[in-house]
Amino acid sequence: MTSRRSVLLALLVDAALVVVFAAIGRATHDGDVLGPAGSGLATTAWPFLVGLLLGWAVSIGWRRPLAPLRTGLPVWAVTLVVGMLLRALSGQGIAVAFMIVAGITLLLFLVGWRAIAALVARLRVSRSG
């Protein structure tokens, strides 16, 4: 059984990485991470954070929060699709190049850390047994 602590930690890692993704984008394109009155980062991140939460719900992420394929891939896909849809509905840009970069970056972030965690767990088991 997965502990509440590990579920919460995994969700927080995902949320932090989505915010890092938004901050990198803002810094790259605007040169100002926070934007006017400090709202820029929140404006950029919120569609993807909503997508992240929906991704967790769709994947039932709390059952296996560290699973790269079972949880990571659906969380990534829903985060990306919902994030783009919400950006479009809120009048934010969704250029093809942005969709490609966002897809690759979020894949590396949301699936990548889980893959690394799975590898570390496997290495620990092989060393102890």
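V75 has its place in helix α3, and in this predicted model V75 is buried, because its relative accessible area is 0% and anything under 20% counts as buried. Measured against the far part of the chain, the C-alpha atoms of V75 and L89, which are 14 residues apart in sequence, are separated by 21 Å. The table sets V75 beside two other residues whose accessibility is given.

| Residue | Relative accessible area | Class |
|---|---|---|
| V75 | 0% | buried |
| I60 | 23% | partly exposed |
| M99 | 33% | partly exposed |

I60 is found in the loop between α2, residues 40-59, and α3, residues 68-89. The backbone of I60 has a phi near 50°, a positive value in a residue other than glycine. Most residues other than glycine have a negative phi. I60 is partly exposed because its relative accessible area of 23% is neither under 20% nor over 50%.

M99 is found in helix α4, which covers residues 96-110, and at 33% relative accessibility M99 also counts as partly exposed. Together with I94, V96, I100, I104 and L108, M99 makes a nonpolar surface patch of about 550 Å². Why can a residue that is partly exposed, such as M99, belong to this patch? Patches are made of residues with over 30% relative accessible area, and M99, being at 33%, therefore passes that cut-off.

A search of the whole structure finds 1 salt bridge. The partners are R114 and D14, whose closest N and O atoms are 2.6 Å apart. This pair links distant parts of the chain, since R114 lies in helix α5 (residues 112-128) and D14 in helix α1, 100 residues apart. Are these two residues buried or exposed? R114 is buried, and D14 is buried as well.

The largest pocket has a volume of about 340 Å³, and the elements that give two or more residues to its lining are α1 (4-29) and α4. Of these elements, α1 gives the most to the lining, with 7 residues. In all, 15 residues line the largest pocket, and G25, R26, H29, T44 and F98 lie nearest its centre. By class, the lining of this pocket has 6 nonpolar, 6 polar and 3 charged residues.

Helix α1 thus appears in two parts of this account: D14 of the salt bridge is in α1, and α1 gives 7 residues to the lining of the largest pocket. Helix α4 likewise holds M99 and gives two or more residues to that lining.

Technical notes: Residues are numbered from 1 along each chain as its sequence is written. This is a predicted model: local features need pLDDT of at least 70, side-chain atom pairs count only at pLDDT 80 or more; totals for chains, interfaces and linings use all residues. Side-chain values use heavy atoms; hydrogens and water are left out. Patches are made of residues with over 30% relative accessible area and no salt bridge: like charges are joined within 9 Å, nonpolar side chains (Val, Leu, Ile, Met, Phe, Trp, Tyr) within 5 Å. Accessible areas come from the Shrake-Rupley method with a 1.4 Å probe; for residues, only the protein chains shown count as cover. A salt bridge is a side-chain nitrogen of Lys or Arg within 4 Å of a carboxyl oxygen of Asp or Glu. Helices (H or I, at least four residues) and strands (E, at least two) are DSSP runs, numbered from the N terminus. Buried means under 20% relative accessible area, exposed over 50%, partly exposed in between (1.4 Å probe, protein chains only). On a 1 Å grid over the protein atoms alone, a cavity is a set of points where a 1.4 Å probe fits but cannot get out, and a pocket is an open set with protein on both sides within 12 Å along at least five of seven lines; lining residues have an atom within 4 Å of a point. Grid points are joined across faces, edges and corners, and a volume is the space filled by probe spheres set on the points. Ala, Val, Leu, Ile, Met, Phe, Trp, Tyr, Cys and Pro count as nonpolar, Asp, Glu, Lys and Arg as charged, and the others, Gly among them, as polar.
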